[in-house]
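Work through the exercises below with the sequence and the 3D structure open. Try each task before reading its solution.

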Amino acid sequence: MNRDKERRNRPALALHVPEPDARPGDEIDFSHIPIPAAGAAPRPDVSARPDAIRDLAYGLVRVLDEEGRAVGPWDPRLDADTLRRMLRDMMMVRVYDDRMYRAQRQGKTSFYMKSTGEEAIAVAGTHALDREDMTFPTYRQQGILVARDYPLIDMMCQVYSNRGDPLKGRQLPIMYSTKEYGFFSISGNLGTQYPQAVGWAMGSAIKGDSRIAVGYIGDGATAEGDFHNAVTFAGVYRAPVILNIVNNQWAISTFSGIAGAELTTFAARAVGYGIPGLRVDGNDALAVYAATRWAADRARSNLGPTLIEFFTYRVEGHSTSDDPSAYRPQGAGKAWPLGDPIERLKQHLIGLGEWDEERHAAQHEELNAEVRAAQKEAEKLGTLQSDPWSDIGSMFEDVYEDVPWHLAEQRDQALAEKEAKR
C-alpha cells in the first residue's frame, strides 16, 4: 500500500513518438536541415582509422556547389566522356521509369516503382565500381542495370512477366535479377540484401578473388535485425563490402524518424561498429562517385567495409500502389533543397563547356525513341494482360538439377488439368 502511494506522487512515464515535420495541407519547409557548403568535407586517405574520421558520418560530403562547379578534395576530376555517360544513364533511368509507369496505368503490368530523384545513387555509384563487382540492390537501383548496358527489352519483359521474361514470371515486376551483370535478385524485404552482400564479400575474400560486393538498404530497413547482423560480420571480418543506406526519408508512408533519424544520422551507426561512415549528398553525382570509389579502394586494399548514407528524398510515391498525398504535403519532393541530380550534373557539364541545352534536349528525344522502340519489341512478347507467362511446367524447374519424382508427378498432373480445361 505504501509503495502505491509513493508511485502516485511520481511523474507518469511516457513514450516519445516521432512525428514528421509536415502533414498533408501543411507548407513543406526543409530550412531546418543543415546543409554544409560543397567542398567543405575533408577527404582522408583510405587507410585512415575509422575513429579518426568519425566527423564524416555527421556532416555531408558534397562536390557540386550551387552553380554546378566541382569544388573541394572529393572532386573525382572525371573526364568529360565519363560525365556525359553518367548524365545519359541517369536520363535513361528517368525516361524508362516514366514509360513503365504509364504502362502500369494502362494495365500492361500490375506494379511499378520509380526512382525519381535518386538516379545518381545507382548510376554514379556503378560507374565508380569495376564491372565484375557484385551488387545487392533494392528496387530503386535499376540504374545499375542501365549503367552496365543490360538490355532494356529484358528489363521490360520482366516487368510485363511475358514470354520474354528471363525470370519466367516468378518475380514481382521491377525485381530484376541477372548474375551475368552482377545484379543479385531483389527481395521485397530489403534487409535481406545486407547479409547476402556481406556473405558474398566474405566468400570472395576466402577464395582469394579480387571482386568486392555492394549492398543497398533503405533508411527504414536499418531498423531490422538483418542490418545489424550484417554490419557486425562485415566489421569483425573486414569483409570487402560497401554498405549503402539510401536515406530517401520515407519507408512507404513511414517517415525516417521512426527508424531513428531524430537521434543521429544513419551513417553514424558505423561508429558503433568500428567501421568508417560517410554521409553523402545523394543528389550530387560527383559526390556519389567519389565516395563509392573511396570505399571501393578501401575494400580492395583489405581495409574492410564502409557504410555510406546517401542523403536524398523520395520524390514520387513509394510505388504505383501508394498515394503520398495521404501522408505528406504535395510537391514535397520538388522542394528538396539539394535539387535534382540530373539538372545538377547537366549544369556542371554546361559550365565546363562540354554540354548545352540543345544537346540535352536532343539526347532526351533519342532516349525517348530508344525506350519506345524497346517497349514495342517487348510487348510483342506479351504483357500481363495480353499474354503473361503461362508455362505452368516451368514452376517446377531451376531448383533441383533433376526434378524429383514427386514434383514431376505434380507437374504432370497440373499440365494434364490445364489440357483438360481447353
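## Exercise 1: A covered helix

Task. This is a predicted model. State which residues of helix 3 are buried.

Solution. Begin with the cut-off: a residue is buried when its relative accessible area is under 20%. In helix 3, the residues that count as buried are E119, A120, I121, A122, V123, A124, G125 and T126. Next, set this against the length of the helix. Helix 3 covers residues 119-127, and 8 of its 9 residues are buried, so the helix is mostly covered.

## Exercise 2: A nonpolar patch

Task. Which residues form a nonpolar patch on the surface? Then classify Y237 as buried or exposed.

Solution. The patch consists of F233, V236 and Y237. Together these residues have about 340 Å² of accessible area. Now take Y237 and locate it in helix 7, which spans residues 225-237. The relative accessibility of Y237 is 52%. Exposed means over 50%, and therefore Y237 counts as exposed.

## Exercise 3: Two positive phi angles

Task. For D149 and I174, give phi, then find the place of D149 and of I174, and classify D149 and I174 by accessibility.

Solution. Take D149 to begin with. Its phi is near 65 degrees, a positive value in a residue other than glycine. D149 sits in the loop that runs between helix 4 (142-147) and helix 5 (152-160). Its relative accessibility is 48%, so D149 counts as partly exposed.

Now take I174. Here phi is near 80 degrees, again positive in a residue other than glycine. I174 belongs to the loop between helix 5 and helix 6 (193-206). With a relative accessible area of 1%, I174 is buried, because the cut-off for buried is under 20%.

## Exercise 4: A cavity and its lining

Task. How many cavities of 30 Å³ or more does the structure hold, and which residues line the largest cavity?

Solution. The structure holds 1 cavity of 30 Å³ or more. The volume of the largest cavity is about 30 Å³. Its lining is made of Y150, D154, Q158, P166, L167, Y176 and S177. Sorting these residues by type gives 4 nonpolar, 2 polar and 1 charged.

## Exercise 5: Two pockets

Task. Describe the largest pocket and the second largest pocket by volume, then by lining.

Solution. The largest pocket has a volume of about 630 Å³. It is lined by 31 residues, and those closest to its centre are D21, H32, I33, Q249 and S256. The lining divides into 16 nonpolar, 8 polar and 7 charged residues.

For the second largest pocket, the volume is about 260 Å³. Of its 20 lining residues, Y139, L190, G218, A251 and H318 are the closest to its centre. Strand 2 (213-218) and strand 4 (250-251) each contribute at least two residues to this lining. By type, the lining of the second largest pocket has 8 nonpolar, 8 polar and 4 charged residues.

## Exercise 6: Apart in sequence

Task. How many residues apart in sequence are P24 and P329, and what is their C-alpha to C-alpha distance in space?

Solution. In sequence, P24 and P329 are 305 residues apart. In space, their C-alpha atoms are 4.2 Å apart. To place P24, look at the loop between helix 1 (2-8) and helix 2 (80-105). The relative accessible area of P24 is 38%, so P24 is partly exposed.

How values were computed:
Residues numbered from 1 in each chain as written. Predicted model: local features only at pLDDT ≥ 70, side-chain atom pairs only at ≥ 80, totals over all residues. Heavy atoms only, no water. Patch = residues over 30% accessible without salt bridge, like charges linked within 9 Å, V, L, I, M, F, W, Y side chains within 5 Å. Areas by Shrake-Rupley, 256 points an atom, 1.4 Å probe, with all protein chains shown as cover. Salt bridge = Lys/Arg side-chain N within 4 Å of Asp/Glu carboxyl O. Helix = DSSP H or I, 4+ residues; strand = E, 2+ residues; numbered from the N terminus. Buried < 20%, exposed > 50% of the residue type's maximum accessible area, 1.4 Å probe, protein only. 1 Å grid on protein atoms, 1.4 Å probe; cavity = no way out; pocket = protein on both sides within 12 Å on 5 of 7 lines; lining within 4 Å. Points joined across faces, edges and corners; volume = space filled by probe spheres on them. Nonpolar A, V, L, I, M, F, W, Y, C, P; charged D, E, K, R; others polar.
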